[in-house]
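Hi,

Here is the structure I promised to pass on. Have a look at it first, and then read my notes below.

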Amino acid sequence: MTPENLKPLTSMRFLAAFWVVMFHYWPKLDLGPATGWTPGLVAQGYLGVELFFVLSGFILCHVYLASTADGSFRYGSFLWARLARVYPLHLATLIGVGLLGLAAVLAGISIDDSILSWASLPANLTLTQAWGLAPEAAWNHPSWSISAEWFAYLCFPVFAWATWRLRSRPGLALVLATAGLCATYAVFETVAGFPLTQATIDWGALRIVPCFALGCAAYLVWRSGGLRRPGVWAVMTTSLILACAGFQLWDGITVTLFSVLILALAGLAGRGGPLESKTGVWLGEISYSVYMVCVPWKLLAINGLARLNGGSEHLPSWMWVPAVLAIVPLAGLTHHLIERPARAAMRRWAEQRASKGRRQIQPAAT
């Protein structure tokens with residue numbers, strides 16, 4: 001049986017991606033005498049990545065946990081499906097950034113040397129740049145989080161085993177996952193000297209682990225019945241998240257609230273509303289493209305508009321707003337022209353190989 005399509009969670013993905021977009025683009029907005037000031041909510045836009053990580057654990061358990069328990073789970077097929085989901089657009093944006101960088105060099109435009117870090121290219125191509133294997137942040141830097149996701153995909157059987165063991169005690173699972181996340185954050189910051197939520201290429205693979213586990217635990221709560229009155233919980237939790245981010249409280253508090261928000265929105269599935277509208281769902285479907293094209297587009301648009309702005313990268317609102325909003329149609333194009341066709345092609349190839357293998361085995365068995 002196909003798992004239920006939780007449309008509110010799909011729509012939420014766009015909000016998480018746009019939160020990250022604002023984090024990257026806000027410093028380029030000319031606010032006059034207040035230029036350089038950043039609202040607390042925007043300043044913590046990096047936590048949009050944590051929201052994706054928690055959601056990833058929840059959704060993968062929603063889709064695959066039962067199959068890991070009944071023995072129908074196929075690790076190779078799972079990894080190929082996940083690779084088909086993330087790798088084509090990752091490769092396309094990596095190439096795009098490379099072409100932009102080379103064009104800038106040929107045009108005599110100075111760029112950050114790290115953008116075209118050839119020493120970091122192998123790690124970026126193998127999705128291991130968040131495992132401490134890339135010497136510097138390079139190419140399409142936001143892809144570090146895709147590398148972290150790949151790490152979680154490789155480890156998914158371990159997460160699934162631990163989650164299934166606690167299936168009869170979902171409350172305990174959520175408490176343990178929350179305590180583990182808070183402890184990890186506290187210990188890491190004490191040892192490393194900076195928050196784990198700000199780690200990228202050095203500790204990105206570790207950054208996803210407590211969030212992914214929290215999402216898995218939240219799924220057990222949803223599987224056991226979820227939250228009563230999810231609409232109330234959704235409003236209340238959203239308000240708390242906005243307040244925590246606005247006042248820049250400890251990241252562990254905000255990330256913990258993400259699991260409650262996901263539970264609440266999952267409970268709203270099938271009830272209609274803006275998060276189940278065609279527009280909301282479509283925006284959620286292109287959220288991966290929004291996330292992956294935001295920095296390449298920033299390199300192109302901000303530098304281009306700066307030339308029209310007297311050389312200043314701090315753009316007036318009439319330039320800045322269109323540059324930000326243009327990410328949506330651009331992401332729509334990459335989603336429909338690259339992401340979806342490439343994913344379908346990779347899955348067809350895998351199905352054809354599997355079908356060919358079955359045809360070869362059948363005569364042999366006969």
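**What I found**

Let's start with Trp-233, which is partly exposed, with a relative accessible area of 34%. That value falls between the 20% below which a residue counts as buried and the 50% above which it counts as exposed, so "partly exposed" is the label it gets. Keep in mind that this is a predicted model. You'll find Trp-233 in helix 11, which covers residues 230-246. Its C-alpha atom is 5.7 Å from that of Ala-264, although the two residues are 31 apart along the chain.

Another tryptophan to look up is Trp-118, in the loop between helix 4 and helix 5 (121-125). Trp-118 is exposed, with a relative accessible area of 53%. Together with Leu-91, Ile-95, Leu-99, Leu-102 and Leu-125, Trp-118 forms a nonpolar patch on the surface, and their accessible area adds up to about 560 Å². Which helix gives the most to that patch? That would be helix 4 (residues 75-106), with four residues.

Then there's the largest pocket, which holds about 1,000 Å³ of space. Its lining takes in 35 residues, and those nearest the centre are Thr-10, Arg-13, Ile-59, Arg-82 and Arg-85. By type, the lining splits into 17 nonpolar, eight polar and 10 charged residues. Several helices each supply at least two lining residues, among them helix 1 (7-25), helix 7 (144-154) and helix 16 (327-365). Helix 3 gives the most, with 10 residues.

Cheers

How values were computed:
Residues numbered from 1 in each chain as written. Predicted model: local features only at pLDDT ≥ 70, side-chain atom pairs only at ≥ 80, totals over all residues. Heavy atoms only, no water. Patch = residues over 30% accessible without salt bridge, like charges linked within 9 Å, V, L, I, M, F, W, Y side chains within 5 Å. Areas by Shrake-Rupley, 256 points an atom, 1.4 Å probe, with all protein chains shown as cover. Salt bridge = Lys/Arg side-chain N within 4 Å of Asp/Glu carboxyl O. Buried < 20%, exposed > 50% of the residue type's maximum accessible area, 1.4 Å probe, protein only. 1 Å grid on protein atoms, 1.4 Å probe; cavity = no way out; pocket = protein on both sides within 12 Å on 5 of 7 lines; lining within 4 Å. Points joined across faces, edges and corners; volume = space filled by probe spheres on them. Nonpolar A, V, L, I, M, F, W, Y, C, P; charged D, E, K, R; others polar.
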